[in-house]
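Let's take a walk through this protein, one piece at a time. Have the sequence and the 3D view open side by side as you read.

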Amino acid sequence: MPKQCQFDGPGGPEVIRWSDAPEPVPGEGEVAIAHTAVGVNYIDVYHRSGLYPVPLPSGLGMEAVGTVTAVGAGVAGLAPGDRVAYASAPLGAYAEARAMPADRVVRVPDALDDRTAAAIMLKGLTAHALLFRVFPVRAGHHVLVHAAAGGAGSLLCAWAHHLGARVIGTVGSAAKAERALATGCDAVVRYDREPVAETVRGLTDGRGVDVVYDGVGAATFEASLDALAPLGMMVSFGNASGAVPAFAPGELARRGSLFLTRPSVVDYTRSRADLETGAAAVFEAVAAGVLRPHIGQTYALTDAARAHHDLEDRRTVGASLLLPA
């Protein structure tokens, strides 16, 4: 019988428990997958903590790579033995095996290993949506990326740099500053030592940036708004430091008729066509060397709680993976 991580109620990492999982028998339109690598993402923390409430008890995780072991009725184009990846609900990726809707999985290219695919799928789809659809980045744009050495941040920096933007990243340590510069940042701001908005304006001759990609949330929101040029866009796509507090829409006008959006990759990959387009772009960017996902740490699947502790304590760099035995 396969095993999985579950939680019965919201709380800290200690609520994650190791339990039996149902045998993954695929229903109509589903495939059964034996996982080889599972991605750890901050949205998993939101689900576990209750910030994003889910029906309980619940599994955890939205991203994994594995091998198809069986296909259900009505599934075309997939067969046992195929290597596939997904970054989607329903929750339950923290498992040795599971059934998954076939229209939510994509084939992994032969040249891409399982661990790299698991490190790139959700964060890569997010980066593609943010850079190409939410705010289409072009050469000459000034871009600010918070948590630039993190899993999502490093991909945003690398891809935006490739598109010709001038990229400024924020980081919290000297080691992360080196990592961000190596990834594609033209400049870094040490938020633990210098005022973010003031420093960013100094780096842009007082103008500010065209777009801010902010996955941090409460701790950076005000500085993000203050770092924007008039008519700039604030893209708030995560809450690593907590949810952004309510604020008056008039603040956007006062700061220069700014735009604010709170996108979710779920909506940008809701259709099969959008999922396939995004995944193909991500895989092509990896193959071309534009994106070089960095796997900073791996954990046994049974050690998911420690992975969450490290993520929340900002002890991780790049992507984190859980590995089934």
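## Starting from a strand on the inside

Strand β3 is largely enclosed by the rest of the structure, because eight of its eleven residues are buried. Keep in mind that this is a predicted model, so everything here is read off computed coordinates.

Who are the neighbours of β3? Strand β7, at residues 97–101, pairs with β3 in the antiparallel sense over five bridges. To find that pairing on screen, look for valine 31, which stands opposite methionine 100 in β7. Strand β5 (residues 63–71) also runs antiparallel to β3, and here seven bridges hold the pairing. In this case histidine 35 stands opposite glycine 66. Then there's strand β16, at residues 319–323, again antiparallel to β3, with three bridges. Valine 40 of β3 has serine 320 of β16 as its bridge partner. In general, strands of a sheet pair through backbone hydrogen bonds, either parallel or antiparallel.

Now step off the end of β3. Asparagine 41 sits in the loop between β3 (30–40) and α1 (42–49). Is this loop residue buried or exposed? Asparagine 41 has a relative accessible area of 5%, so it counts as buried. Its side chain makes a polar contact with the side chain of lysine 123, at 2.7 Å. Besides Lys123, asparagine 41 touches Glu63, Leu122 and Leu311, leaving out residues up to four places away in sequence.

Next comes α1 itself. Its buried residues are Asp44, Val45, Tyr46, His47 and Arg48. Among the elements covering them are β1 (3–7), β3 and α10 (304–312). Right after the helix comes glycine 50, with a positive phi near 95 degrees.

Glycine 59 is worth a stop too. This residue belongs to strand β4 (residues 58–59), and at 13% relative accessibility it counts as buried. Setting aside neighbours within four places in sequence, glycine 59 is in contact with Cys5, Gln6, Phe7, Leu91 and Gly92. Its C-alpha atom is 15 Å from that of proline 324, though the two residues are 265 apart along the chain.

## Over to the parallel sheet

Further along the chain, an open sheet has six strands in the order β11-β10-β9-β12-β13-β14, with parallel pairing. The edge strands, each pairing on one side only, are β11 (187–190) and β14 (259–261). From one strand to the next, the twist averages 15 degrees.

For a closer view, pick strands β9 (residues 142–145) and β10 (residues 166–171), which run parallel and are joined by four bridges. Valine 145 has glycine 169 in β10 as its bridge partner. Helix α4, at residues 174–183, packs on the sheet and touches β10 and β11; the helix direction makes about 160 degrees with that of β11.

Threonine 220 is in the loop that links β12 (209–214) to α6 (221–226). This threonine counts as buried, because its relative accessibility is 13%. Not counting residues up to four places away in sequence, threonine 220 touches His146 and Asp214.

## What fills the inside

The largest nonpolar core has 53 residues, and those touching the most other members are Met121, Trp159, Tyr213, Phe283 and Leu291. Which helix gives the most to this core? That's α2 (residues 114–134), with eleven residues. Tryptophan 159 has quite a list of contacts: leaving out residues up to four places away in sequence, it touches Gly124, Ala127, His128, Leu131, Phe132, Ala281, Val282, Ala285, Val290 and Leu291. There's also a second, separate core of 27 residues, including Ile33, Val68, Tyr86 and Met100.

## A pair of cysteines to finish

How many disulfides turn up in a search of the whole structure? Zero. Cysteine 157 and cysteine 185 may catch your eye, so let's look at why they don't count. The sulfur of cysteine 157 is 3.4 Å from its closest cysteine sulfur, the one in cysteine 185, which is too far for a bond. The cut-off for a disulfide is 2.5 Å between the sulfurs. Both residues are inside the protein: cysteine 157 is buried, with a relative accessible area of 0%, and cysteine 185 is buried too, at 6%.

Technical notes. Residues numbered from 1 in each chain as written. Predicted model: local features only at pLDDT ≥ 70, side-chain atom pairs only at ≥ 80, totals over all residues. Heavy atoms only, no water. Pairing = 2+ DSSP bridges. Helix = DSSP H or I, 4+ residues; strand = E, 2+ residues; numbered from the N terminus. Axes fitted to C-alpha atoms, helices over the stretch in contact; angles between N-to-C directions. Contact = heavy atoms within 4.5 Å. Core = buried A, V, L, I, M, F, W, Y, C linked by side-chain atoms within 4.5 Å. Buried < 20%, exposed > 50% of the residue type's maximum accessible area, 1.4 Å probe, protein only. Polar contact = N/O pair within 3.5 Å; in protein donor to acceptor, adjacent residues only side chain to side chain.
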